[in-house]
Structures are given as C-alpha cells and as structure tokens.
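Work through the exercises below with the sequence and the coordinates open side by side. Each task is followed by a solution that proceeds step by step.

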Amino acid sequence: ILLTRPLEDSNELIIKFKNLGHLVSHMPVIQIEKSNYKTKDYSHYKGIIFTSSNAIKNLDVKNIDKKIDCFCVGNATEAIAKGVGFQNIYSASGNVNNLKEIILQNFESSKGKLLYVSGELISNDLDQQLISEEYNVKRIINYRANHIEKFNLELIEKLKEKMPDIVYVYSQNSALSLLKLIKNYSLQNLCMNTNIMCM
C-alpha cells in the first residue's frame, strides 16, 4: 500500500495497515503552504465550514467562538476540529455533497452568516451552491497545495521493482501530482494493476 499524504496525516493509517500485515510505503505528492488571508471579525459568523483538515491547521482559531456550528467534511477533519476546541461539530462521510445536505438540514439560512475556510483549489464549489440556496457564505482561502517535483530516487527504484497493489489519493491536487510522478518516472506500464483509492 502506498499513502500519498504528508506523514502527520498518515501515521495512524500506516500503523493500522501494518498491524493488519500490509507492507506500507509513504510518499507525499503535495506540500501544503499557508496562504496569507485577511483576518475576519469572526463574531459576525454563526457557523464555519471546513472541507479539509488543512483548512483548520492553517487557520488562527483563537478569536473564533468554539461553540458556533462547525461543519466538517469527514472524520479526519472532525478530529482536528475537536482538537482545536470546536464543540458543536457536524461531520459528513468525507463527501462534500453529504456535507451540503448536513448544512441544509442543521443550519437555517436565517440563522446568520457562514464562513467557509478552504484551500485554493476545491473540487466542489460548496459556497456557491449554498449561496444559490439563499445562504450568506463568505469563503476564505488559507492554504495552497504545491506539487512535489523531486522524489526520493531510492523509493522510485523500489516502486519500479514492485508497484503497490493500492495507492491512496486524497484530493484532486494529489491525483494530479501522482499522474505527473507516473509520467515523469515512466511508471505507466508498471502500474496497470495498481488500484487507486480516491478519498
């Protein structure tokens, strides 16, 4: 199994897979970079939305009321939100469409403004979808995912000797980086039997 997230996001999964007897490799394909964003007066917001754990990690949360409604795309994001003190958390199953439904069911548009914190590239324009449902949503971008260009050649050689049976990909950015890696190191024919698990 090959995991493509940064190590701090993969540790728990690496341990679980190893305990199940799997051979696990780790090779992050993107690097997260914090973006400059204008600090908001968070008191105007009645809810906050996170579609990735990186959005929380790169947000200065000290001036945010931790009792506001907090909507998270999945369990990993929920765990980070709990870790920084959010208390009223609603979590989807890792799917933005499910997250939208959870927001519609649990947050009346008349309740007030929603703050959507995300990376530069998103696979689903959740803020625009909610605005079309007459919600007042402000999006701030507080990180970007950069493609890693150079990889550990020793690991590349190991991949060439035996490609993984499963590769976990966690975002559109990760998928693009993985495709670039496959092309740049001529791995196309070697990974024909590899299963790509997209989260």
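**Exercise 1: a patch on the surface**

In this predicted model, Leu121, Leu176 and Leu179 make a nonpolar surface patch of about 280 Å². Take Leu179 from this patch, place it in the secondary structure, and decide whether Leu179 counts as buried or exposed.

Solution. Begin with the location: Leu179 belongs to helix H7, which covers residues 172–184. Next, consider the relative accessibility, which is 56% for Leu179. Since the term exposed applies over 50%, Leu179 is classed as exposed because of this value.

**Exercise 2: the surroundings of a serine**

Where does Ser118 lie, is Ser118 buried or exposed, and which side chain joins that of Ser118 in a polar contact?

Solution. The first step places Ser118 in strand S7, which runs over residues 113–119. In the second step, the relative accessibility of Ser118 is found to be 1%, and as buried means under 20%, Ser118 counts as buried. The third step turns to the side chains, where a polar contact of 2.8 Å connects Ser118 with Arg139. Finally, when neighbours within four places in sequence are left aside, the residues in contact with Ser118 include Thr51 and Ala55, as well as Arg139, Ile140, Ile141, Asn142 and Tyr143.

**Exercise 3: an open sheet**

Determine the order of the four strands in the open sheet that contains S1 and S9, and then state which strands are at the edges.

Solution. Reading across the sheet gives the order S2-S1-S9-S10, with parallel pairing. The edge strands are S2 (25–26) and S10 (195–198), each of which pairs on one side only. To examine one pairing in detail, take strand S9 (residues 166–169), which pairs with S10 in the parallel sense over four bridges. Within this pairing, Tyr168 has Met197 in S10 as its bridge partner.

**Exercise 4: salt bridges across the sequence**

How many salt bridges does the structure hold? For the pairs Lys111 and Asp69, Arg144 and Glu120, and Lys180 and Glu149, work out which parts of the chain are brought together and how accessible the partners are.

Solution. The structure holds seven salt bridges.

1. The side chains of Lys111 and Asp69 form a salt bridge with an N to O distance of 2.6 Å. Because Lys111 is in the loop between helix H4 (96–106) and S7, while Asp69 is in strand S5 (residues 69–72), this pair ties together parts that are 42 residues apart in sequence. Lys111 is partly exposed at 42% relative accessibility, whereas Asp69 is buried, with a relative accessible area of 7%.

2. In the salt bridge between Arg144 and Glu120, the closest N and O atoms are 3.1 Å apart. This pair links distant parts of the chain, with Arg144 in strand S8 (residues 137–147) and Glu120 in the loop between S7 and helix H5 (126–132), 24 residues apart. Arg144 is partly exposed, with a relative accessible area of 32%, and Glu120 is partly exposed at 45% relative accessibility.

3. Lys180 and Glu149 meet through their side chains in a salt bridge of 3.2 Å, N to O. Lys180 lies in helix H7 and Glu149 in the loop between S8 and helix H6 (153–161), so this salt bridge ties together parts that are 31 residues apart in sequence. Lys180 counts as partly exposed at 35% relative accessibility, and Glu149 counts as partly exposed at 46%.

Notes: Residues are numbered from 1 along each chain as its sequence is written. This is a predicted model: local features need pLDDT of at least 70, side-chain atom pairs count only at pLDDT 80 or more; totals for chains, interfaces and linings use all residues. Side-chain values use heavy atoms; hydrogens and water are left out. Patches are made of residues with over 30% relative accessible area and no salt bridge: like charges are joined within 9 Å, nonpolar side chains (Val, Leu, Ile, Met, Phe, Trp, Tyr) within 5 Å. Accessible areas come from the Shrake-Rupley method with a 1.4 Å probe; for residues, only the protein chains shown count as cover. A salt bridge is a side-chain nitrogen of Lys or Arg within 4 Å of a carboxyl oxygen of Asp or Glu. Helices (H or I, at least four residues) and strands (E, at least two) are DSSP runs, numbered from the N terminus. Buried means under 20% relative accessible area, exposed over 50%, partly exposed in between (1.4 Å probe, protein chains only). A polar contact is a pair of N or O atoms within 3.5 Å; within protein, one must be able to donate a hydrogen and the other to accept it, and residues adjacent in sequence count only if both atoms are side-chain atoms. Contact means heavy atoms within 4.5 Å. Two strands pair if DSSP finds at least two bridges between them.
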